[in-house]
Amino acid sequence: MASLFRAYGRGLGALLLAIAALWILALILVPLGAMIEQSLWWKDSKGEITLQIDRLYNDMATLQLDASGESDAAKKAGFEAQIAQKQAEATALEAQETNPPKTYGLANFTRMSGLHFYIFIRTIIYALMVTALALVVCYPMAYAVALASGPRKAIVLTVALIVPYAINELLRVYAWLMILDYRGVINGILGWLGMVDLDNRGWIPFLENPSAVFLAMIYTYVLFMVFPMVNTLETLDRNQIEAARDLGASSFRIHRRVIIPHAKPGIAVGCIMTFMLSAGSYSVPAIMTRGQGGDWFSQLVYRQFFESNNWNMGSAYAVSLLVVCTAFILIMMRLFGVGLRDIAK
Amino acid sequence: MRGKDVRLDQVSIRFGDAVAVQPLNLTIEAGEFFSILGPSGCGKTTILRTVSGFIEPTIGRVLIGGEDMAGKGPNERPTALIFQNLALFPLMSVAENVAFGLEARGVSKAERLKRAEELLSLVALTGYGDKKPSDLSGGQRQRVAIARALAVEPSVLLLDEPLSALDLKLRQHMRAELRAIQKRVGITFIYITHDQGEALAMSDRVAVMSRGRLEQVAAPDTLYAEPATPFVATFVGEQNVIRGTLRRISNGAASVDTPLGPIEGREVGTPAIGAPVLVMVRPERVTLGADRDNRIPVTLKARHLEGPSVNLECVADGQTLTVTLANGPAMRDLPNDLVLGFGRDDALVYAEGALANG
């Protein structure tokens with residue numbers, strides 16, 4: 001901090017610090033804090049209280065009936081007292097119903113149903129699969145772009161990669177929907193070739209398979225995998241590749257021993273980004289499966305917020321996802337032996 | 001390890017329309033320390049990459065040990081290349097670097113680490129195996145690169161200006177070291193450089209290249225004393241170049257008319273009588289005094305003290321002539337008007353041709 005003041009002077013230094021603090025506060029601490037706070041409390045379910053109140057009023061009505069038919073003053077007074085007591089109870093419960101007390105605890109996290117937990121685990125596994133597939137697809141591509149001979153080839157490859165990203169993500173997903181749909185492009189071609197019978201609903205149901213989501217996701221997030229890899233691969237001294245070849249190494253060994261170790265930070269960043277994006281992706285599974293291919297966890301979170309109207313539960317789900325993703329980042333960094341410093345580069 | 005001879009048979013290399021190497025024949029003997037010397041862009045690196053197999057010649061054949069190398073990749077040739085920037089693998093330890101070629105050949109780990117240790121001791125780096133290349137000094141990295149190349153037991157070691165990144169002191173030390181290593185392992189070294197000092201100091205023979213053509217192939221002493229072309233004469237060492245017209249030749253002796261007066265010299269090649277010629281005189285062959293075959297009165301312009309020697313910058317008829325003399329008491333107070341003298345054997349007379357520096 002002292003060096004900051006020395007470098008920029010007191011006024012500018014303080015301004016920079018303030019901007020950094022605001023950044024951290026507004027973009028990290030406040031939203032995340034709000035989410036975690038929300039996930040740590042719940043209000044007792046309204047349904048039960050309402051039932052209790054209903055029961056009390058039923059009881060009161062019965063007691064009133066009993067009281068009106070009773071001639072013994074002492075007994076009548078007893079009923080009246082009971083009614084008054086129930087009325088007090090009901091009033092108290094009614095107050096609770098309109099403004100239920102918050103209860104703090106971890107119950108939101110432990111209350112996840114077995115089905116939801118299954119979806120959670122499956123989403124993580126799917127996201128890992130998407131990441132692995134994207135890595136397999138993108139590594140050769142990144143290698144070709146980064147080590148392309150001649151600047152023109154590199155430009156062509158880069159433009160070919162970036163152009164699809166000028167189109168809105170939703171449109172790109174819908175495009176894949178059209179390609180894979182029952183009467184989509186692929187089935188259409190197959191039908192035209194006479195390989196499937198569209199008239200009798202003999203199409204291939206691509207969209208009911210998780211791989212349709214995988215495909216759209218890889219397509220959607222390819223750039224986030226490719227660019228970090230290209231960046232690190234571009235810094236590789238080509239002489240090292242030639243040296244390895246000159247020393248008799250096969251292409252496979254050159255990749256394994258020279259190129260991939262060099263590209264590790266880029267691979268780690270690409271995997272982290274792709275995993276985070278696919279584990280949290282809502283639009284791609286929602287559009288591609290249309291409810292037919294099984295939910296992803298992000299869809300559950302959405303429903304908790306906007307359909308069950310249970311923001312606490314939704315927050316708890318979201319925080320769980322965040323924790324797992326963070327753990328994934330740390331594992332990846334450990335696995336690839338890269339530190340934050342390498343990634344920042 | 002045993003050296004093999006390398007033969008370039010009518011080799012020519014083109015990149016598109018650009019001719020990088022004009023058709024040339026060159027034979028490098030087995031076990032020879034052979035340098036290819038030339039300014040950057042003269043095609044010397046292209047030749048090296050052709051021998052190592054990264055480039056196929058457009059026409060002609062490359063033969064190593066009598067065997068045609070056509071269609072063989074760099075990993076199939078009995079050559080090893082040391083890159084200008086060394087291209088050590090930064091993420092591997094020194095021992096892994098040295099053992100990489102053996103690893104690629106499927107040698108077991110214990111075996112190759114043992115071999116790496118032997119090679120490291122050959123280049124005086126015993127015990128450095130566990131370090132990373134980045135922990136070593138420039139000269140040590142240099143030696144790791146040599147050990148790594150030697151590990152695959154090449155018959156021909158190709159070196160692409162590997163000393164250019166080192167500072168002067170280290171460079172001079174490494175010259176001697178390279179030469180000693182070459183003598184010890186006895187294989188053929190082909191050394192690419194633009195530094196004539198390196199080429200002269202280390203080589204058995206030197207080829208001088210310019211614009212894709214071989215200018216001269218000769219032993220260092222011959223190259224310096226008897227340069228075959230004006231380019232070689234001016235590229236290797238310093239020269240005073242005096243332009244003139246050839247008046248007479250008899251028996252190798254040439255008489256030239258120059259603006260500085262007539263000069264008696266020795267013809268190189270076959271300049272025609274009456275044609276424009278270049279007279280070349282090395283600064284260290286010139287003396288002060290009038291008792292020589294050729295005499296040129298000059299004005300002393302500047303005196304540069306080098307330590308053991310003194311360079312005198314003289315002017316005659318608008319042309320600068322440089323003289324290198326041994327330092328001594330007589331060099332302290334020189335008169336402004338001097339007479340430079342040199343023998344007729346010291347002046348080489350060439351037909352007009354391209355010079356090394358424009």
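How much of the contacts in chain B with a separation of 6 or more comes from residues 24 or more positions apart? I opened my notebook with that one, and the figure is 66%. I should say at once that I am working with a predicted model.

**Entry 1: chain B as a whole**

I began by listing what chain B is built from, and found eight helices and 20 strands. Next I looked up the extent of its C-alpha trace, which spans about 75 × 50 × 30 Å along the principal axes. Then I checked burial: chain B has 358 residues, and 43% of them count as buried.

**Entry 2: a strand in chain B**

I picked strand β9 of chain B, residues 205–210, for a closer look. Is it enclosed or open? Five of its six residues are buried, so the rest of the structure largely encloses β9(B).

I then asked which strands pair with it. On one hand there is strand β3 of chain B (residues 33–37), which runs parallel to β9(B) and is joined to it by four bridges. Here I found B:I36 standing opposite B:A207 of β9(B).

On the other hand there is strand β10 of chain B (residues 213–218), which pairs with β9(B) in the antiparallel sense over five bridges. In this pairing B:M209 stands opposite B:L214 of β10(B). β9(B) and β10(B) form a hairpin with two residues between the strands. I noted the backbone of B:R211 in this hairpin, since its phi is positive, near 45 degrees.

**Entry 3: where the chains touch**

I moved on to the contacts between chains, and found 15 residues of chain A in contact with 16 residues of chain B. Which helices of chain A each supply at least two residues of the side that touches chain B? They are α10 (238–246) and α11 (251–279). α10(A) gives the most to that side, with seven residues. I sorted the chain A side by class too, and got six nonpolar, four polar and five charged residues.

**Entry 4: two domains in chain A**

Chain A is divided into domain 1 (2–107) and domain 2 (113–344). I looked up how far apart their C-alpha centres lie, and the answer is 42 Å. For the contacts between the two domains of chain A, I found six residues of domain 1 meeting six residues of domain 2. On the domain 1 side, α1 (2–39) and β1 (41–43) of chain A each supply at least two residues. α1(A) gives the most there, with four residues. By class, this side has four nonpolar residues, two polar and no charged.

**Entry 5: a helix with a buried face**

My last stop was helix α7 of chain A, residues 169–180. Its twelve residues reach 17 Å from first C-alpha to last, close to the 16 Å expected at 1.5 Å a residue. Which of its residues are buried? I found A:V173, A:W176 and A:L180. Seen down the axis of α7(A), these buried residues fall within an arc of 55 degrees, so they line one face of the helix. I reminded myself of a handy rule: an α-helix has 3.6 residues a turn, so residues three or four places apart point the same way.

On the other side of α7(A), I found A:L170 and A:L171 exposed. Finally I asked what covers the buried residues of α7(A), and the cover includes α8 (185–192), α9 (210–234) and α12 (283–289) of chain A.

Conventions: Residues numbered from 1 in each chain as written. Chains lettered and ligands numbered in written order. Predicted model: local features only at pLDDT ≥ 70, side-chain atom pairs only at ≥ 80, totals over all residues. Contact = placed C-beta atoms within 7 Å. Nonpolar A, V, L, I, M, F, W, Y, C, P; charged D, E, K, R; others polar. Buried ≥ 20, exposed ≤ 12 C-beta atoms within 10 Å, placed from the backbone. Pairing = 2+ DSSP bridges. Domains from an automatic or database assignment. Expected span 1.5 Å × (residues − 1). Arc of directions from axis to C-beta.
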